[in-house]
Amino acid sequence: MDSQASQAEYDGDFGSGAIRPVAELRGVSKSFGEVLAAQDLTLRIEAGEFLSFLGPSGCGKTTALRMLAGFETPTSGEVLIDGERVNDLAPYRRPVNMVFQSYALFPHLSVADNVSYGLRQRRPRIERRTIQDKVTRALETVRLTGFEKRRIWEMSGGQQQRVALARAIVNEPKLLLLDEPLAALDRKLRKEMQIELQDLQRQLGITFVLVTHDQEEALSLSDRICVMRAGRIVQIGTPQDLYDNPQSRYVADFVGVSNFFDGAVFIDAGGRARLRLAGGLEFEGRAVGDLAAEGEACLSIRPEQIRLSREPLEGGLEVVVQNRIFLGEHTEYLVRHAVLGPVIALAPRQSEIGASGFVQGERAWIDWPDGAALIMRRI
Amino acid sequence: MTQRERNWLLVAPAAGWFLVMLVLPLSVVFIFSFGERGAAGGYVPAFTFEQYANLPARFTAFQNTLILAPLGTLAAMLIAYPLAYQLAVRTDPKWKTILLVLVIVPFWTSILIRSYAWIYILGGRGIPALIEAMGLGDVQLIYTPFAVLIGIVYGYLPLMVFPIYVSLDRLDKRLLEASSDLGAPPLATFFKVTVPLSIPGVATGCMLVFILLMGEFLIPLLLGGGKVFFVGNALVDLFLQSRNWAFGSAVAVMLIVIMLVTVTVYMRLIARLHTSRDDVSVM
Ligand SMILES: Nc1ncnc2c1ncn2[C@@H]1O[C@H](COP(=O)(O)OP(=O)(O)OP(=O)(O)O)[C@@H](O)[C@H]1O
Ligand SMILES: [Mg+2]
């Protein structure tokens with residue numbers, strides 16, 4: 001699969017082939033009756049990395065996480081933690097902690113007792129004094145000093161989120177699993193917590209696995225993102241890698257914004273991939289992913305790759321400007337081509353046209369540099 | 001109409017009901033308890049503490065009630081909890097309703113008939129015959145405190161199961177997962193999460209059953225066979241048979257006082273238990 005390619009690239013980046021991964025999924029599948037929630041998941045989670053599962057609702061992210069935590073047993077395949085097969089190991093025996101989407105804080109315990117819960121389960125017992133110190137430090141880390149005696153229902157949503165985090169990190173797990181931990185927070189608080197999460201991960205050096213359907217969140221926080229679709233891993237890679245080298249339209253669309261034009265792919269005389277569109281249009285592009293040599297495909301071009309010009313461009317396309325949205329650093333233009341239809345182009349503020357700006361209904365030309373266009377699967 | 005007036009109007013029917021159905025009869029009983037028995041029974045107005053001074057005559061009834069009611073409540077709770085737990089936590093949701101209905105099915109027939117069934121089971125041709133056939137000797141089950149206890153537990157079990165079931169059913173299952181995730185084995189999770197969070201249900205069930213047991217008379221009558229009688233039996237006797245209304249009222253007032261005291265103490269205890277921090281609190 002295409003994920004293989006990026007996996008290899010990733011290994012190259014980190015040069016960590018020799019280090020044993022913290023956790024690993026090997027061909028793991030899970031079905032609930034008729035529903036195939038996860039199919040053939042294969043993934044290595046490296047020590048100290050921040051990995052995200054990204055995908056739309058119902059694609060199996062939570063299922064994958066719950067198999068790592070031990071709440072679900074795979075139907076087939078192997079889950080490994082620290083090199084050991086843990087398929088049948090109960091959650092309470094795994095060196096893994098989870099931050100639940102709904103926090104799942106104990107309502108009958110104070111903040112401090114919630115945080116110390118995991119430490120108090122340890123056998124042989126940890127000394128009271130040590131527990132106290134660790135709890136104090138964990139609450140300090142999530143900036144909740146002084147809230148020890150509070151009851152859970154006396155805390156705001158953001159504070160509860162922090163308690164949940166403290167309750168997990170205080171155990172110093174090998175793997176911290178976070179299931180959409182920020183989904184319930186408002187936008188501003190979510191941004192703050194994202195930064196805190198990232199700081200926390202660097203500071204503690206714990207491996208984080210985050211589940212999210214918010215691409216921005218995944219892009220800004222993760223070292224690597226694992227994009228999922230309908231129970232399968234579609235592509236794994238660094239945020240840059242996914243953005244620059246999406247292997248399918250699904251990934252290009254999910255990670256960032258892109259223009260897609262459907263057509264038929266073929267290999268030209270020079271051995272290069274080209275896409276033939278309706279109306280006799282033809283574009284050269286870099287073929288990515290497991291694309292058939294011939295057949296249906298699509299062309300993907302990121303908006304910021306598209307150059308807009310008032311002067312006719314050699315080999316460019318003539319378009320009509322339809323809309324303009326000022327975005328501060330950039331201006332987003334929606335232009336229309338007779339055959340391609342609507343095209344989004346992002347012009348930086350400094351560029352000559354960015355300064356003066358196009359007006360609605362104006363004629364313009366667009367083109368893009370060699371190598372900017374990718375030819376990929378339509379799904 | 002002001003908000004305040006409207007509130008009063010809304011409360012009025014309940015207040016009226018409360019006055020007529022509860023306060024009035026209780027006042028009558030209270031007044032009667034200071035009176036005297038008429039020559040042909042009934043009540044003759046007077047103001048004397050004689051009836052209260054006579055209370056020790058019914059000591060055994062009070063003793064039986066005050067031993068068997070809490071014991072029966074405790075036994076019913078110990079049996080109901082695992083049952084409710086199984087129903088609420090372990091049972092497939094599609095079976096829950098059916099099984100719950102089965103719990104209340106016994107309520108569809110009168111306790112009188114069901115107690116008669118127990119008379120047979122515990123009587124000479126029931127379990128004792130079986131034990132004798134196995135050569136384990138001759139045992140008397142019927143007309144013992146034990147028989148009354150069995151009857152009580154059997155009769156009041158559904159009342160105990162329901163509140164416990166509700167509190168366990170409402171328990172967020174993710175809390176159990178969180179506990180397991182934090183390293184607690186199943187038994188620790190049960191005692192540290194499930195039990196504390198089901199205390200409100202247990203408390204409600206115990207209170208319901210205890211209060212009703214304090215006034216019970218049918219089960220002791222049938223399964224106690226006149227040997228094990230409750231305050232309730234004493235009341236039936238005093239009001240219906242010997243027609244000593246004044247003394248009966250004194251017994252009733254005494255029962256109410258005892259109940260008020262125990263229930264108050266009990267509620268205080270539960271409230272404290274519920275707000276107390278975890279036993280191994282570190283702070
Ligand atoms: N316990 C279960 N029983 C039956 N089906 C389940 C169960 N858990 C998950 N599923 C199904 O498996 C699929 C994947 O679910 P999962 O919860 O992993 O999705 P998700 O990616 O986390 O979605 P979301 O973003 O909405 O949380 C869904 O179709 C879901 O209905
Ligand atoms: Mg989910």
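The points below concern one helix pair and several strands of chain A in a predicted model.

1. Helix α3 (residues 111-120) and helix α4 (residues 128-141) of chain A have axes that come within 10 Å and cross at roughly 125°, which makes α3(A) oblique to α4(A). The crossing of these two helices is right-handed.

2. On the α3(A) side, the contact is made by A:Val111, A:Ala112, A:Val115, A:Ser116, A:Leu119 and A:Arg120, which meet A:Ile131, A:Lys134, A:Val135, A:Ala138 and A:Leu139 of α4(A). By class, the residues of this contact comprise 8 nonpolar, 1 polar and 2 charged.

3. Strand β6 (residues 96-99) of chain A is covered on both faces, with A:Val96 and A:Met98 buried on one side and A:Asn97 and A:Val99 buried on the other. In a regular strand, side chains alternate between the two faces of the sheet. The strand β6(A) pairs in the parallel sense with β7 (residues 175-179) of chain A over 4 bridges, and within this pairing A:Val99 stands opposite A:Leu178.

4. Elsewhere in chain A, an open sheet of 6 strands with mixed pairing follows the order β13-β12-β11-β15-β21-β14. Its edges are β13 (282-284) and β14 (286-287), each of which has a single partner strand, so that one side of each is left without a neighbour in the sheet.

5. For the edge strand β14(A), the pairing is with β21 (residues 374-376) of chain A, in the parallel sense and over 2 bridges; here A:Ala287 has A:Ile375 as its bridge partner.

Conventions. Residues numbered from 1 in each chain as written. Chains lettered and ligands numbered in written order. Predicted model: local features only at pLDDT ≥ 70, side-chain atom pairs only at ≥ 80, totals over all residues. Heavy atoms only, no water. Axes fitted to C-alpha atoms, helices over the stretch in contact; angles between N-to-C directions. Parallel < 35°, antiparallel > 145°, perpendicular 65-115°, else oblique. Left-handed = near helix turned anticlockwise from the far one by under 90°. Contact = heavy atoms within 4.5 Å. Nonpolar A, V, L, I, M, F, W, Y, C, P; charged D, E, K, R; others polar. Pairing = 2+ DSSP bridges. Buried < 20%, exposed > 50% of the residue type's maximum accessible area, 1.4 Å probe, protein only.
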